[in-house]
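Please find below my notes on the model you sent. They are arranged as numbered points, to be read with the structure open.

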Amino acid sequence: MNPTAPWYHAGLGSAYLQDGKLEEAATAAQADTADWARLTILACARWSQKRIPESDAALAQLIKSSAETAAYQIADVYAYRGDKDRAFEWLERARRQRDAGLPGLRTDPYLANLRGDPRWNAFLRTMGLADDQLKISAH
């Protein structure tokens, strides 16, 4: 484990976020060396804390600084916030960019609320997944 590696601190923040420990999530993420990782967790944590202007600012900075390299994380934030349309737009952009985050999308907790949407399986098909693989993603 390397504390200077991207996602080291934000990964801890993500665990806190999933556990409902919102301030701990934001604090852990602040120490991350990668802007995209820090801003992803901050945008989600602040959203859950109803600190919407701070969440919006983190998301805007994430888009400004990392749209070409972190489209998947931007989709995560939009999905987390419940904005399914924008989440699918950014997932499509991530697919076109061949974003490195895409292999984990079927189990990504930030995308959970997209799985019941009819666009979910359609998107997975654009990723080349077969029908039996789509069933696995529903869990």
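The points below deal with a predicted model and take up buried charges, aromatic pairs, one helix and the salt bridges.

1. Start with D108, which sits in the loop between α6 (84–97) and α7 (118–126). D108 is buried yet has no salt bridge. The nearest side chain of opposite charge is R115, 5.7 Å away. A salt bridge requires a side-chain nitrogen of Lys or Arg within 4 Å of a carboxyl oxygen of Asp or Glu, so the distance to R115 does not qualify.

2. What does the side chain of D108 have close to one of its polar atoms? The backbone nitrogen of Y110 lies 2.7 Å from such an atom. Leaving out residues up to four places away in sequence, D108 touches Y72, D76 and R115. R115 is therefore in contact with D108, since contact means heavy atoms within 4.5 Å, although the two form no salt bridge.

3. D76 is a second case of this kind. D76 belongs to helix α5 and is buried, again with no salt bridge. For D76 too, the nearest side chain of opposite charge is R115, here 7.8 Å away. With residues up to four places away in sequence set aside, D76 touches D108, Y110 and L111. Two acidic residues, D76 and D108, are thus in contact with each other, and each is buried without a salt bridge. I would ask that the text describe both residues in these terms.

4. Now the aromatic residues. How many aromatic pairs does a search of the whole structure find? The search finds 2. One of them is formed by W7 and W36, which are stacked, with 5.9 Å centre to centre and 5° between the planes. This pair links distant parts of the chain: W7 is in the segment before α1 (8–18), W36 is in helix α3 (residues 35–48), and they are 29 residues apart. Are these two residues buried or exposed? W7 counts as partly exposed, at 32% relative accessibility, and W36 is partly exposed as well, with a relative accessible area of 27%.

5. Y80 and Y110 also form an aromatic pair, and this one is tilted: the centres are 5.8 Å apart and the planes are at 50°. Y80 lies in helix α5 (residues 71–80) and Y110 in the loop between α6 and α7, so the pair ties together parts that are 30 residues apart in sequence. Y80 is partly exposed, with a relative accessible area of 23%, whereas Y110 is buried, at 5%. Y110 deserves a label in any figure of this region: its ring pairs with Y80, its backbone nitrogen lies 2.7 Å from a polar atom of the D108 side chain, and D76 touches it.

6. Helix α2 (residues 22–30) has L22, A25, A26, A28 and A29 buried. These residues cover an arc of only 165° around the axis, which puts them on the same side of α2. An α-helix has 3.6 residues a turn, so residues three or four places apart point the same way. Among the elements that cover the buried residues of α2 are α1 and α3.

7. The salt bridges come to 13 in total. One of them joins the side chains of E23 and R46, at 3.0 Å from N to O. E23 is in helix α2 and R46 in helix α3, 23 residues apart, so this pair links distant parts of the chain. E23 is partly exposed, with a relative accessible area of 36%, while R46 is buried, at 8%.

8. E23 also meets R51 in a salt bridge, with 3.3 Å from N to O. This pair again links distant parts of the chain, as R51 is in the loop between α3 and α4 (52–66), 28 residues from E23. R51 is partly exposed, with a relative accessible area of 30%.

9. D85 forms a salt bridge with R119, and their closest N and O atoms are 2.6 Å apart. The two residues are 34 apart in the chain, D85 in helix α6 and R119 in helix α7. D85 counts as partly exposed at 46% relative accessibility, and R119 is partly exposed at 32%. Which residues do salt bridges with shared partners join into one network? They are E23, R46, R51 and E54.

How values were computed. Residues numbered from 1 in each chain as written. Predicted model: local features only at pLDDT ≥ 70, side-chain atom pairs only at ≥ 80, totals over all residues. Heavy atoms only, no water. Helix = DSSP H or I, 4+ residues; strand = E, 2+ residues; numbered from the N terminus. Buried < 20%, exposed > 50% of the residue type's maximum accessible area, 1.4 Å probe, protein only. Lys, Arg positive; Asp, Glu negative; His and termini not counted. Polar contact = N/O pair within 3.5 Å; in protein donor to acceptor, adjacent residues only side chain to side chain. Phe/Tyr/Trp six-rings, centres within 6.5 Å; stacked < 30°, edge-to-face > 60°. Arc of directions from axis to C-beta.
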